[in-house]
Amino acid sequence: QERLVESGGGLVQAGGSLRLSCAASPRLSNSKIMAWHRQAPGKQRELVASITAGGTTQYADSVRGRFTISKNRVGSTLYLQMNSLKPEDTAVYYCNSFLGVNAVWGQGTQVTVSS
């Protein structure tokens, strides 16, 4: 079964760091693009960062310069390094990939940043 499994969330003080991981099954790890999204309470899910199979990255303005998206060498694990965290980064973070045109989502991991 194709799946994405996130880990690494938790509670951190403002200014701290966390690294999220997303383990992807083989077909999902070969997707042309993978991404991290987040959803805060009462808000719509938003794109945080994406990375193509060729390694091209894009970031939301709110996280550029603080977050880094990457993959391991074989592409089976997606990472999100989050530095200089702010309370407004508090959300459930979701890993996203594609099977053809169908989006696949992980179960999400909670990130809470205290002030």
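These are my notebook entries on the strands and the disulfide of this structure.

**Entry 1: what I am looking at.** I am working with a predicted model, so I treat each value below as computed from that model.

**Entry 2: the open sheet.** I started with the strand order. Four strands form an open sheet, and I read the order as 1-3-8-7, with antiparallel pairing. Which strands stand at the edges? They are strand 1 (4–7) and strand 7 (67–71); each has a single partner strand, so one side of each is left without a neighbour in the sheet. I also looked up the twist, which averages 15° from one strand to the next.

**Entry 3: strand 1 against strand 3.** Next I went to the pairing of strand 1 with strand 3, residues 18–24. I found four bridges here, in the antiparallel sense. For a landmark to click on, I picked Ser-7, which stands opposite Ser-21 in strand 3.

**Entry 4: strand 9 and its partners.** Strand 9 (residues 91–99) kept turning up in my lookups, so I took its pairings one by one.

- With strand 4 (residues 33–39), strand 9 pairs in the antiparallel sense over five bridges. Here I noted Asn-96 of strand 9 as the bridge partner of Ala-35.
- With strand 11 (residues 109–114), the pairing is antiparallel over three bridges. Ala-91 has Val-111 in strand 11 as its bridge partner.
- With strand 10 (residues 102–105), I see four bridges, again in the antiparallel sense. Leu-99 is matched with Asn-102 of strand 10.

**Entry 5: the hairpin turn.** How many residues lie between the strands in the hairpin of strand 9 and strand 10? I find two, and in this hairpin Gly-100 takes a positive phi near 65°. A nice one to look at on screen, just after Leu-99 and its partner Asn-102.

**Entry 6: the disulfide.** I then checked the cysteines. The structure holds one disulfide, and it joins Cys-22 to Cys-95 with an S to S distance of 2.1 Å. What does this pair tie together? Cys-22 lies in strand 3 and Cys-95 in strand 9, so the link connects parts that are 73 residues apart in sequence.

Is the disulfide left-handed or right-handed? The torsion about the S-S bond of Cys-22 and Cys-95 is about -80°, so I wrote it down as left-handed. Are the two cysteines buried or exposed? Both Cys-22 and Cys-95 are buried.

**Entry 7: for when I come back.** I would reopen the model at Cys-95: from there I can follow the disulfide to Cys-22, and then go along strand 3 to Ser-21, opposite Ser-7.

Technical notes:
Residues are numbered from 1 along each chain as its sequence is written. This is a predicted model: local features need pLDDT of at least 70, side-chain atom pairs count only at pLDDT 80 or more; totals for chains, interfaces and linings use all residues. Side-chain values use heavy atoms; hydrogens and water are left out. Two strands pair if DSSP finds at least two bridges between them. Axes are lines fitted to C-alpha atoms, for helices over the stretch in contact, and angles run from 0 to 180 degrees between N-to-C directions. A disulfide is a pair of cysteine sulfur atoms within 2.5 Å. Buried means under 20% relative accessible area, exposed over 50%, partly exposed in between (1.4 Å probe, protein chains only).
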